Structures are given as C-alpha cells and as structure tokens.
Amino acid sequence: MIYLMFVIAIIVAVFIALKLRPKTISHKYTSFDLKSIGIEQIDMMEDGSEFEIYLYRLLKEIGYNDAYKTIDSGDFGADLVFTDKSGTRTIIQAKRYSNPVGTDAVQQVYTARNYYQAKKAIVITNNFFTEPCETLAGVNAVLLLDRNDLTAIIEHFRNGNYEKARSIIEKEPRIIYEFWDNPDMSIKKDEKAEKLLQSF
C-alpha cells in the first residue's frame with residue numbers, strides 16, 4: 001500500500017513538473033539565416049513566441065540596437081521594445097494569427113505604453129485586422145502593420161534596404177479625427193437597456 005502511494009506521488013510530481021516547466025522556444029527560427037525566412041515560413045511557425053523571436057532578430061538586424069524582447073508571461077501587453085531614429089521609445093505587440101486580429105491587441109498594446117514609458121505603440125501581424133480593430137487603433141493612435149506591411153518589411157530587409165524597412169515600422173499611425181470632432185459618433189447605446197429603464 002505504501003509502495004503504491006509512493007508510485008502515485010512520483011507520477012503526480014512528474015506530471016506537475018511537466019506542466020509547470022518553462023515553455024521552451026523552438027530554435028528553428030533563431031539560428032537560421034534571417035533572410036531565408038519569408039511570410040510563408042512565418043505562417044508555418046508553431047506559435048507566437050517564434051514570431052516574437054523572429055521580429056526581435058529582425059529589429060536588431062535593421063539597426064535597432066537597443067531592441068529587446070519582453071518576458072513571455074507578465075509582459076503587460078508588449079512583446080518587443082525599441083527606440084526609433086527620432087529617439088521615441090516604441091512597443092510592439094506581435095500577433096501571428098491564422099485569423100484577422102481583433103480589438104484585444106490594440107487594447108493590450110495601448111495600455112502597455114505607460115508601463116514601458118513608450119510614446120508609440122505598434123501591432124504587427126502576419127494576417128490582417130478587423131474593422132473594429134482598425135477603428136480602435138485609429139482613435140488611439142496605435143500603428144497597425146498588417147500582412148502587406150510585414151511582407152514589404154521582409155522584402156526591403158532581404159534586399160539590404162534597411163532604411164525602407166525602418167520607414168514602414170516608423171510611419172505615423174492612421175488617426176480617425178472624426179471621433180474627436182464629433183464625440184457622439186462613438187456613442188452606441190444599448191437600446192434594450194434604455195427601454196428597460198423607461199419602463200420603471
């Protein structure tokens with residue numbers, strides 16, 4: 001009986017240790033020649049951490065020498081941090097998705113700005129962005145870099161035109177001024193709640 005309990009305790013301990021072990025990053029994309037990785041290889045990456053490592057290496061290669069990758073858990077919504085050519089600290093939220101990116105990415109990176117004392121926030125993806133995501137980014141001055149932007153950055157990098165790659169990363173975000181000029185545009189009332197309140 002004691003032997004059986006001992007064996008069960010060992011099995012449980014091994015199971016817990018496996019569950020709690022730190023996630024290892026595949027070295028598939030950390031040791032490769034960076035110029036051999038295109039958008040197709042990014043689409044096939046196993047998870048977001050490989051994409052983050054790829055972008056980290058890419059930022060370093062194109063001249064952002066102070067770039068660093070944040071910790072995997074508890075990053076407060078930013079995966080990468082760097083300073084652009086004007087001296088502006090910038091954070092990036094990297095999203096390697098098989099579907100369009102939604103508003104949560106903008107919410108995460110926007111709230112992370114103050115934590116990292118950054119003035120600029122970027123979301124970059126191998127996919128595209130939903131319309132609500134583009135709207136939220138537009139009213140919060142978050143730069144969205146989609147699949148087409150990422151492909152262009154990769155091509156400029158492969159051709160050795162690092163300045164053009166940096167110009168895409170450092171472009172100004174699309175800002176939707178109509179929301180500032182007409183605050184009523186963004187107000188969407190819950191009609192059911194309004195009717196319920198009127199019935200009291």
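The following exercises, each with a worked solution, concern a predicted model of a protein chain.

**Exercise 1. Overall composition**

Determine how many helices and strands the protein chain has, and in what order the elements run.

*Solution.* Step 1. The elements divide into nine helices and five strands.
Step 2. Read from the N terminus, their order is α-α-α-β-β-β-α-β-α-β-α-α-α-α.
Step 3. The chain has 200 residues, and 39% of them are buried.
Step 4. Consider the contacts between residues at least 6 apart in sequence: 58% of these join residues at least 24 apart.

**Exercise 2. The length and burial of helix α3**

Compare the expected span of α3 with the distance between its end C-alpha atoms, and list its buried residues.

*Solution.* Step 1. Helix α3 covers residues 48-61.
Step 2. These are 14 residues, and at 1.5 Å a residue they should span 20 Å.
Step 3. The end C-alpha atoms of α3 are 20 Å apart, which agrees with the expected span.
Step 4. A residue is buried when its relative accessible area is under 20%. In α3 this applies to Ser49, Glu50, Phe51, Glu52, Ile53, Tyr54, Leu55, Leu58 and Leu59.
Step 5. Just after the helix comes Gly63, with a positive phi of about 115°.

**Exercise 3. The packing of α3 against α6**

Classify the packing of α3 and α6 by its angle, and describe the residues that form the contact.

*Solution.* Step 1. Helix α6 comprises residues 147-158, and its axis is 12 Å from that of α3, at an angle of about 45°.
Step 2. An angle under 35 degrees would count as roughly parallel, and one of 65 to 115 as roughly perpendicular. The angle of about 45° therefore makes α3 oblique to α6.
Step 3. The crossing of these two helices is left-handed.
Step 4. On the side of α3, the contact is formed by Phe51, Tyr54, Leu55, Leu58 and Glu61; α6 contributes Leu150, Ile153, Ile154 and Phe157.
Step 5. Sorted by class, the contact contains eight nonpolar residues, no polar residues and one charged residue.
Step 6. The spacing of such positions can be related to helix geometry. An α-helix has 3.6 residues a turn, so residues three or four places apart point the same way.

**Exercise 4. Two further helix pairs**

Decide whether α4 and α5 are roughly parallel or roughly antiparallel, and do likewise for α6 and α7.

*Solution.* Step 1. Helix α4 (residues 103-115) and helix α5 (residues 131-140) have axes 8 Å apart and an angle of about 20°.
Step 2. The two helices α4 and α5 are therefore roughly parallel.
Step 3. Their contact involves Thr103, Val106, Gln107, Tyr110 and Arg113 of α4, together with Pro132, Cys133, Leu136, Ala137 and Asn140 of α5. Six of these residues are nonpolar, three are polar and one is charged.
Step 4. For α6 and helix α7 (residues 162-169), the axes come within 7 Å and cross at roughly 160°.
Step 5. An angle over 145 degrees counts as roughly antiparallel, and α6 and α7 are therefore roughly antiparallel. Their crossing is left-handed.
Step 6. Asp149, Ala152, Ile153, His156 and Phe157 of α6 meet Tyr162, Lys164, Ala165, Ile168 and Ile169 of α7. This contact has seven nonpolar residues, one polar residue and two charged residues.

**Exercise 5. Positive phi outside glycine**

Locate Gln117 and Ala141, and state whether each is buried, partly exposed or exposed.

*Solution.* Step 1. Gln117 is not a glycine, yet its phi is positive, at about 50°. Gln117 belongs to the loop between α4 and β4 (120-125).
Step 2. The relative accessible area of Gln117 is 65%, so Gln117 is exposed.
Step 3. Gln117 is 26 residues from Ile91 in sequence, while their C-alpha atoms are 9.3 Å apart.
Step 4. Ala141, also not a glycine, has a positive phi of about 55°. Ala141 sits in the loop between α5 and β5 (143-145).
Step 5. With a relative accessible area of 26%, Ala141 is partly exposed.

**Exercise 6. The surroundings of Arg166**

Establish whether Arg166 is buried or exposed, and which residues are in contact with Arg166 beyond its neighbours within four places in sequence.

*Solution.* Step 1. Arg166 is part of helix α7.
Step 2. Its relative accessibility is 19%, so Arg166 counts as buried.
Step 3. Beyond those sequence neighbours, Arg166 is in contact with Ile62, Gly63 and Tyr64.
Step 4. Ile62 lies 104 residues from Arg166 in sequence, but the C-alpha atoms of the two are 7.1 Å apart.

Definitions and conventions. Residues numbered from 1 in each chain as written. Predicted model: local features only at pLDDT ≥ 70, side-chain atom pairs only at ≥ 80, totals over all residues. Heavy atoms only, no water. Axes fitted to C-alpha atoms, helices over the stretch in contact; angles between N-to-C directions. Helix = DSSP H or I, 4+ residues; strand = E, 2+ residues; numbered from the N terminus. Left-handed = near helix turned anticlockwise from the far one by under 90°. Contact = heavy atoms within 4.5 Å. Nonpolar A, V, L, I, M, F, W, Y, C, P; charged D, E, K, R; others polar. Expected span 1.5 Å × (residues − 1). Buried < 20%, exposed > 50% of the residue type's maximum accessible area, 1.4 Å probe, protein only.
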